[in-house]
Amino acid sequence: MRILVVEDDRDLNRQLVRALSDAGYAVDNAADGEEGYYLGENEPYDLVILDIGLPKMDGLSVLEQWRRGDRNMPVILLTARDRWSDKVAGMDAGADDYLAKPFHMEELLARVRAQVRRASGHAKNEIECGPIRLDTKSARVTCAGQQIKLTSHEYRLLHYLMHHSGRVVSRTELVEHLYDQDFDRDSNTIEVFIGRLRKKLPVDLIQTVRGLGYRLSAEPDAV
Ligand code: CA
């Protein structure tokens, strides 16, 4: 999952990027409204954390323009103070959630998980596919109760496939959602990670759909 952070407070921006990266997300960031707007308009983010008070273009205008242009990713607004009018304006502009500063990083991460979950139609932190269970809170993966140790890249890949299980996910989609914009986007890397993931999972749930991509499915015959 790939997240955009738009925040002009340098320290907070850095803290957000670090916390989200540590939690297993690919993260891009912007320090003003214009840059944030441009990135959100052109890159396929799974979620955006957007400050309201931004230089060059304020957060509410950024959000309104995205929504007008049919950019539907979940957006969590950061409001400078606990002002009810900001929250109302934010929700009306198309925000999915908001958080008043100062906030605890744990709360932000929980809200991020909730939005990512909801956007892909899951109600719980734990996602299942056949014998595989992935706990998005602890980043723990088990197969039939046995823990499987994954690297952060393998975890991101499985996390994305499990959130979209049952449908074919193309290599391009995976590259766009698993890596930040500075990453060397060679789609062959995806093949390598798929191969490693297949070796680590005791059951073969990842199907290659020739010419289209991959599908994670608990029913191997459903190709
Ligand atoms: Ca600000």
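Which residues does Leu-158 touch, not counting residues up to four places away in sequence? Leu-158 touches Ile-132, Leu-134, Val-141, Leu-150, Leu-197 and Leu-201, where contact means heavy atoms within 4.5 Å.

Before I continue, a word on the model. This is a predicted model, in which local features need pLDDT of at least 70 and side-chain atom pairs count only at pLDDT 80 or more, while totals for chains, interfaces and linings use all residues. Residues are numbered from 1 along each chain as its sequence is written, and side-chain values use heavy atoms, with hydrogens and water left out.

Let me turn to the cores. Leu-158 is one of the residues with the most contacts inside the largest nonpolar core, which has 46 residues; others in that group are Leu-20, Ile-49, Val-112, Ile-132 and Leu-174. By nonpolar core I mean a set of buried Ala, Val, Leu, Ile, Met, Phe, Trp, Tyr and Cys residues joined through side-chain atoms within 4.5 Å. Buried stands for under 20% relative accessible area, exposed for over 50%, and partly exposed for the range in between, with a 1.4 Å probe and protein chains only. Helix H6 (residues 152-163) supplies the largest share of this core, six residues. Helices (H or I, at least four residues) and strands (E, at least two) are DSSP runs, numbered from the N terminus. Domain 1 (2-119) and domain 2 (126-216) both give residues to the core, so it lies between them. Apart from it lies another core, of 20 residues, including Leu-4, Tyr-37, Leu-54 and Met-57.

Next, the two domains, whose bounds come from an automatic or database domain assignment. Their C-alpha centres lie 26 Å apart, and the contact takes 13 residues from domain 1 and 13 residues from domain 2. Between them the domains bury about 1100 Å², 50% of it on carbon and sulfur atoms; buried area is the accessible area (1.4 Å probe) that two parts lose on being put together, summed over both. On the domain 1 side, Arg-2, Pro-44 and Arg-113 lose the most area to domain 2, together 37% of what that side buries.

How many salt bridges does the rule find across the interface of domain 1 and domain 2? The rule finds zero there, whereas a search of the whole structure finds 15. The rule asks for a side-chain nitrogen of Lys or Arg within 4 Å of a carboxyl oxygen of Asp or Glu. One of these pairs is Arg-171 with Glu-191, the closest N and O atoms being 3.7 Å apart. Arg-171 lies in helix H7 (residues 171-178) and Glu-191 in helix H8 (residues 187-200), so the pair ties together parts that are 20 residues apart in sequence. Arg-171 is partly exposed at 30% relative accessible area, as is Glu-191 at 39%. Salt bridges that share partners also join Arg-2, Asp-28 and Glu-43 into one network.

Finally, the metal site. The calcium ion is coordinated by Asp-8 (OD), Asp-51 (OD) and Gly-53 (O), at 2.2 to 2.3 Å. Donors are N, O and S atoms within 2.8 Å of the metal (3.2 Å for Na, K and Ca), and sites may look incomplete because water is not among the atoms. Asp-8, in the loop between strand S1 (2-6) and helix H1 (10-22), and Asp-51, in strand S3 (residues 47-51), are 43 residues apart. Asp-8 is partly exposed, at 34% relative accessible area, whereas Asp-51 is buried, at 3%.
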